[in-house]
Structure formats: C-alpha cells, structure tokens
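Q: Please take a close look at the salt bridges in this structure, with attention to where the partners lie and how far each is buried or exposed. A connected account for a first-year student would be welcome.

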Amino acid sequence: MSERNFLIWSCRWVANCCPPLCASQIPPGHAGRSGAVSLLIGSRLRQIDVDSMKNRRTPPTPTMHGCRTSTMATRTTTTSRMSTELVLSADQNGTTPSHADFSITELAQAYFDCRQSKRNTPNALAFEQDLERNLTRLYAELVDGSYKPGQSICFVVTRPKPREVWAADFRDRVVHHLLYNRISPRFYAAFIKDTCACIPGRGTMYAAQRLEAKIRSATENWSKPVWYLKCDLANFFVSIDKNVLHKQIAVRVTEPWWMRLAETILFHDPRQNYQLRGASALIELVPPHKRLTNQPAHLGLPIGNLSSQFFANIYLDALDQHVKHQVRARHYIRYVDDFILLHESPQWLNAALADINAFLPDVLHTNLNPTKTILQPVDRGVDFVGHVIKPWFSRTRPRTVRQAVSRIGSMDSADVFTSANSYFGLLRQAGSSHMDRTKIAKAVMRRGHSVDKQFTKTFRKSI
C-alpha cells in the first residue's frame, strides 16, 4: 500500500474509532503516544524514499533520539491530487463536528499539497518525522478552535531587488492549503480569464501567450497600429487593506467556521512573533516604505505565503471587474499587480488611466506607481512577465539573459547543471529564443559542461 493511501486509511480509522483530541490532551514530546496509529516516517523508510520533484532517491536521514521509526516496506511517493472518491465529506463519515465542516482526510490532502517542492526543508522534515501525531494534533486544534499561527521566518532577497519575504511555519502552511483547497474554486469561477498568477494553469507562460494573442487580435496580425497602457500598483503587498479584503472574502465564504479560519489567517500579524534569518544589515537595503514591519496593523500581507498570493487575487478582482465592465476594456490582462490595456486610441487609454486612478484609492485604498506607468505603441515592444513581445516574435527580457550568463560564469561548479537547465527551460517559453539560448550554451560550455545541439539542456560534467 502506498504511503498516501495508508495515511488516508489511517486518518479515516482515527476519525471513526477515536474521538477528536484536544491539544491539551496530546503530550508535547515524542516519548508518549497513542497506540492507535503507527508512525509513517522513519530513518529506514527514508533510505528508500524517492524525491518526486527530481525523480531521484534522497539521502537517508539519520535516526533522531527520542523518535520512533517505522519498518514499513518500500513505497513510491506521489504529490498529485487525490482522487475525488477518496475524500469523504463531513456528512458522509459523520465524524467531523457540525461547526467544522472538514474531514481529517482533507487535512492530509492539504499536507501533501504543502510539501510539494518543500519536502527536504528542515521544518517539513520535522513535521513528517512524527506525521500522524502532528496531523492529529493540528486537526484537534482546528476543530476545538484553539489553533493559533506560530512563528514566522523573515529574510531578505536581493534579486531582482531587495524585499522582505515571510515564511510561515510548516504546520501553518498546511492550514493555508486547507483553506485554499476548500474556498479557492468558488473564487476562481468568478475571476475573469485574464487574471493570472497563483491560479492553476495561469502562470507567466500563460500570461505572455495570452497577451501576445491579444496584441495580434487588436493589431489584426500586426497590420494596424495599437497602443498599450501598462500600470503597476505602488508597494502592492504592504498596502493591501485587510478590512477591505475581509469584506470581499465574506461575500463568497458564507460558512461561519471557514470564515473564522480565513480571518485567523488574514488578520494574523507575523511581526508579533518572527525570527530574522540572514544578515541583519540586509534589512536596511529594503526601502522603509516597502517593509511590512513599518506598516499599520490593518495594512499589508506577508510576501511568501500561499494565502497572501490567493488573497491578493481576491483583492484585485474588484479592479478586474471594474476595468472589464465599467471601463469596458476589450483587451486587458493582469499578473499580480502588473496589468496592461490595449486600444487603438491613446486618448481612450488616457481616459481609462484617469478612471482607474480614481477607482483604486476610493475602493481599494491603493494607488498606481506613476514611475511605472507606460503608454506607447505596441510595435516598440511590450515588456510583460519577463517577456518582450515585438512584431512577429517574442524574446526573454534581455536583462534576464545577461544576468543568467553572468551567474553561470561565477557560480559554484556544482550548481551549474541545475541552474543552466532552469535557464534553458525559462528561455524555451519565448517564441524566438535561439540567440539567447546560444549565449547560455556558450557560458555553460566554458564551465566544462556539454550541451545538446538544440541548446535546450545541459548534462552533468564528466569526472
């Protein structure tokens, strides 16, 4: 039996045979534990674990004192979505209290979703080491209402520009996925098709290809002139008004328990309990008006959490609906806080800009960044989501290519293989990328690696 099916079975067994435990009933340590369900993950099991993201075996994890291990047989890990027939609703199994309309199986699914590409991080490994106890404890806290978000980690990234990133504790990210899995479909059904980012199948490639299709339609295949208006919101994530967002969420989340959970996540202030990672001097590189730590309590969402990305789309759905139905823009697309309107008349676009400038502070309590507002003909090139779209071709942003060549030339030799293949994958998204891939290939070969003749991938260096 696979790990996923075994965990689902054991979660059902616990739900049907054992009453929900309060957090106070579960010992804080690992020494004492219920005999209802055995631990899933141990050092012997991880020796044969398969990393589903990289398709290779992960190194064994040394045995930790005080933690019991399992002697289960070999399993193959998968992180794909659980089939619908495996998920039992609260009405079907009758074990979930009426005020908490979710099953422990849904919490297990949220865990599997959360650990994708994060499985080998310290927090994820610590949670997995005592997986069933941690899931049962988290389930009990959610059911009895005692759940409180834990400590966050704050660090600073410097590329493409300095900014704060906030990472919630792993168990809190599981809760984010639980909420997201339950309420996101109802919001996605109401979003327009031109809303991108943090939506399945609507990443940067989708946004670039959809914009290119819109430009071809507006210009009648590049046969007539068209102008574009590109806008960006000023200090977007730290300027989001939580009170406005709360009202937007309440429109579609009518179940009291799920609304309370959304409020717990939305109004949680990570600044009250966080750990700063990295050099403290890096914080000074972030402009003060872009720091979450400098904002009032009712403003700002932490960059780095799934909940923040999802809430940001809900927040700006009001802008999408206004532009499509009030401004009546036929060609419009948005990726996070960057959006573009197309029209054959620059005067019409100027009027649309004035309308949007009045709408944003009045309804969403935010503003456009005037230094990033661009109005010009599309045949000069439209820079959007890392692509530059020009007549008859699109390329990756030149700055990205230059940075890629520079980084490959200076990075540690052990990282060249993975980084180069990542860059090749990025460049392949553009329609006309052969010249750029040639530059990357030359940089890779100077580091001693070989490249296939199509310049689409590199190989590990021979020893």
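**Salt bridges and their surroundings**

A: Glu141 is buried, because its relative accessible area is 11%, a value under the 20% limit for burial. This description rests on a predicted model. The partner of Glu141 is Arg171, with which Glu141 forms a salt bridge whose closest N and O atoms are 3.1 Å apart. The two residues come from distant parts of the chain: Glu141 belongs to helix α6 (residues 131-144) and Arg171 to helix α7 (residues 170-188), with their positions 30 residues apart. Arg171 has a relative accessible area of 18% and therefore also counts as buried.

Helix α7 takes part in a second bridge, through Arg186. Arg186 pairs with Glu255, and here the closest N and O atoms are 3.1 Å apart. Glu255 lies in the loop between α10 (242-252) and α11 (256-266), 69 residues from Arg186 along the chain, so this bridge also links distant parts. With a relative accessible area of 24%, Arg186 is partly exposed. Glu255, at 25% relative accessibility, is likewise classed as partly exposed. These values lead to that class because partly exposed covers the range from 20% to 50%.

A third pair joins Arg291 to Glu284, with 3.6 Å between the closest N and O atoms. The partners fall into separate classes of exposure. Arg291 is buried, its relative accessible area being 11%, whereas Glu284 is exposed at 59%. The value for Glu284 is over 50%, and therefore the residue is called exposed.

Salt bridges may also be joined into a group. Asp101, Glu106 and Arg182 are linked in such a network. Altogether, the structure holds 15 salt bridges, among them the pair of Glu141 and Arg171.

The setting of these bridges is a protein chain with 16 helices and 13 strands. Of its 463 residues, 48% count as buried. When contacts between residues at least 6 apart in sequence are considered, 72% join residues that are at least 24 apart.

Thr204 gives an example of contact across a long stretch of sequence. This residue is placed in helix α8 (residues 204-218) and is partly exposed, at 29% relative accessibility. Its contacts, leaving aside neighbours within four places in sequence, are with Tyr335, Val385 and Gln429. Thr204 and Gln429 are 225 residues apart along the chain, while their C-alpha atoms are separated by 9.2 Å.

A pair of helices may be set beside the bridges. Helix α14 (residues 398-410) packs with helix α15 (residues 416-427) at an angle of about 165 degrees, their axes being 11 Å apart. The angle is over 145 degrees, and the two helices are therefore roughly antiparallel. Their crossing is left-handed. On the side of α14 the contact is made by Thr400, Val401, Ala404, Arg407 and Ile408, and on the side of α15 by Val416, Ala420, Tyr423, Leu426 and Leu427. By class, this contact comprises eight nonpolar residues, one polar and one charged.

Definitions and conventions. Residues are numbered from 1 along each chain as its sequence is written. This is a predicted model: local features need pLDDT of at least 70, side-chain atom pairs count only at pLDDT 80 or more; totals for chains, interfaces and linings use all residues. Side-chain values use heavy atoms; hydrogens and water are left out. Axes are lines fitted to C-alpha atoms, for helices over the stretch in contact, and angles run from 0 to 180 degrees between N-to-C directions. Helices (H or I, at least four residues) and strands (E, at least two) are DSSP runs, numbered from the N terminus. Angles under 35 degrees count as roughly parallel, over 145 as roughly antiparallel, 65 to 115 as roughly perpendicular and the rest as oblique. A crossing is left-handed if the near helix is turned anticlockwise from the far one by less than a right angle, and right-handed if clockwise. Contact means heavy atoms within 4.5 Å. Ala, Val, Leu, Ile, Met, Phe, Trp, Tyr, Cys and Pro count as nonpolar, Asp, Glu, Lys and Arg as charged, and the others, Gly among them, as polar. A salt bridge is a side-chain nitrogen of Lys or Arg within 4 Å of a carboxyl oxygen of Asp or Glu. Buried means under 20% relative accessible area, exposed over 50%, partly exposed in between (1.4 Å probe, protein chains only).
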